[in-house]
Amino acid sequence: MTSPHERQWWSGRITQQALPATSPRVTSIVHQSASGSCAFLAEATDGHHYWVKARGNPQGDQTLLTEYVCSKVGQLISAEVVSSRLVQLPEEFDNRNFQDPQGHLMRSGPAYGSLHIRYAWEGYESFREAAPRETLPGLFAMWDLLLGNDEQWLWAPFDQRTVLSFDHSLWLDRGESDWDSHILKRLVDQPWPMDPQPDYLHPESAQPIADNLWHLGSGQILDLLCSVPLEWNVMVEELETLGWFLYRRKDGTARRLEELADG
Ligand SMILES: Nc1ncnc2c1ncn2[C@@H]1O[C@H](COP(=O)(O)OP(=O)(O)OP(=O)(O)O)[C@@H](O)[C@H]1O
Ligand SMILES: [Mg+2]
C-alpha cells in the first residue's frame, strides 16, 4: 500500500473533464494590457469583471495552469489571494490579436480569470513588508510552497485583507519557460525563501496557516487537479507529479512557517 507521499500513489487518480457549461463566459474585453501575458480586463456573464489570461498568450499556455493551481492552493490554505475562476472565452474571440509587438493570437476555450479588484495598487517587496501582520504568514506560505517568483502583490485598501497575492504566472519555478516533472522532483524538499526573508512572523496568525498546511488532504489536491480543464491539453503525468509535489512539500512549508514564527 503506497501513501500520497510517494509519486506512485498519484498514478491513475486524476481524471479531467471539459470546463462545465455553467462557467461564466466572457462577453467583452474592456481593456487589453501590454503585460507579459497580455492579460485583459473582461466582463463576464456572471456580472463580474476578470483579468483574463488566455491561451495563445506570449508567456505560453502553461501560464493558465500555473495561475489556476497557485491561486486555488492559496485559497485552500486560507492565504490572502485574489479570488479566481475559470471562464469560457467564446469562439468569437478566436484569433483576436493580443496587440503585442509579435502579434500573438488568442485561442478561445477555458481561460484563467482573476476577479478584478477596483482601486488596487500593484507593488513589490515594500508592499509585502508593509502588509498587516496577519497577512504575511499566508503570503510566506504560498511563496514557499509554490516556489514564488517575480514578486508582485496587490494593495487593496478597501479590501479587508489589504495585501493580496496575485500574478503567479512565473511561479513553480516556471520563470520564462515551462515547469515540468523534473523541476518539481528536483525542488520538492528545497526551502524557497523570500528575498529578503521576513525576520519575524506573528505566531497567532502563522499557526492557523501552518495547521491548514498540515491538514491539507490528498483528496483536496486531487479535486483541484481533476478540475483542470481537458481543453488545456496538460499531460496527466505532469498533473500527477504536481499533486505529489504539493502533498509532499506542504509539511516542510508548515515547519518553516512555524520556525519563523517561533523566532
Ligand atoms: N485581480 C486583479 N485586480 C486588479 N488588477 C489586476 C488584477 N489582476 C491583474 N490586474 C492588473 O493587470 C495587470 C496584469 O496582470 P498580471 O500582472 O497578472 O499579468 P502578467 O502578464 O503576468 O504581468 P507581468 O507583466 O508582470 O508578467 C497587473 O499589473 C494589474 O495592474
Ligand atoms: Mg504582473
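Which residue stands opposite Leu89 in E5? The partner of Leu89 is Gly109. That pair is a way into a predicted model, in which local features need pLDDT of at least 70, side-chain atom pairs count only at pLDDT 80 or more, and totals for chains, interfaces and linings use all residues. Residues are numbered from 1 along each chain as its sequence is written, while chains are lettered from A and ligands numbered from 1 in the order in which they are written.

Start with the five-stranded sheet. Helices (H or I, at least four residues) and strands (E, at least two) are DSSP runs, numbered from the N terminus. Two strands count as paired if DSSP finds at least two bridges between them. The sheet is open, its order is E1-E2-E3-E5-E4, and its pairing is antiparallel. Strand E1 (26-32) and E4 stand at the edges with a single partner strand each, so one side of each has no neighbour in the sheet. From one strand to the next, the twist averages 40°. Axes here are lines fitted to C-alpha atoms, for helices over the stretch in contact, and angles run from 0 to 180 degrees between N-to-C directions.

Strand E5 (residues 107-115) pairs with strand E3 (residues 49-55) in the antiparallel sense, over five bridges. Along this pairing, Lys53 has Tyr112 as its bridge partner in E5. Trp51 stands opposite Ser114 in E5. E5 also runs antiparallel to strand E4 (residues 84-89), and six bridges join the two.

Trp51 turns up again at the ligand. It is among the closest residues to ligand 1, together with Ser35, Gly36, Ser37 and Asp167. In total, 18 residues surround ligand 1. A residue counts as near if its C-beta atom, placed from the backbone, lies within 6 Å of the molecule or strand. The shell divides into eight nonpolar, eight polar and two charged residues. In this scheme Ala, Val, Leu, Ile, Met, Phe, Trp, Tyr, Cys and Pro are nonpolar, Asp, Glu, Lys and Arg are charged, and the others, Gly among them, are polar.

Next, follow the chain out of E5. The loop between E5 and E6 holds Tyr119. Phi of Tyr119 is near 55°, a positive value in a residue other than glycine. Then comes another sheet. This one is open, has three strands in the order E6-E7-E8, and pairs them antiparallel. Strand E6 (121-123) and strand E8 (163-165) are the edge strands, and each pairs on one side only. The twist averages 35° from one strand to the next. Three bridges link E6 to strand E7 (residues 153-155) in the antiparallel sense. Gly123 stands opposite Trp153 in E7.

Now the helices. Two packed helices are described by the angle between their axes and the distance between the axes. Helix H3 (residues 136-145) packs against helix H5 (residues 203-215) at an angle of about 35°, with axes 8 Å apart. The crossing of H3 and H5 is right-handed; that is, the near helix is turned clockwise from the far one by less than a right angle, whereas anticlockwise would be left-handed. From H3, Pro137, Gly138 and Ala141 meet Ser205, Ala206, Ile209 and Leu213 in H5. Contact requires C-beta atoms, placed from the backbone, within 7 Å. By class, this contact has five nonpolar, two polar and no charged residues.

One backbone detail remains. Pro196 sits in the loop between helix H4 (181-187) and H5. A cis peptide bond joins Asp195 to Pro196, with omega about -5°.

Methods. Contact = placed C-beta atoms within 7 Å.
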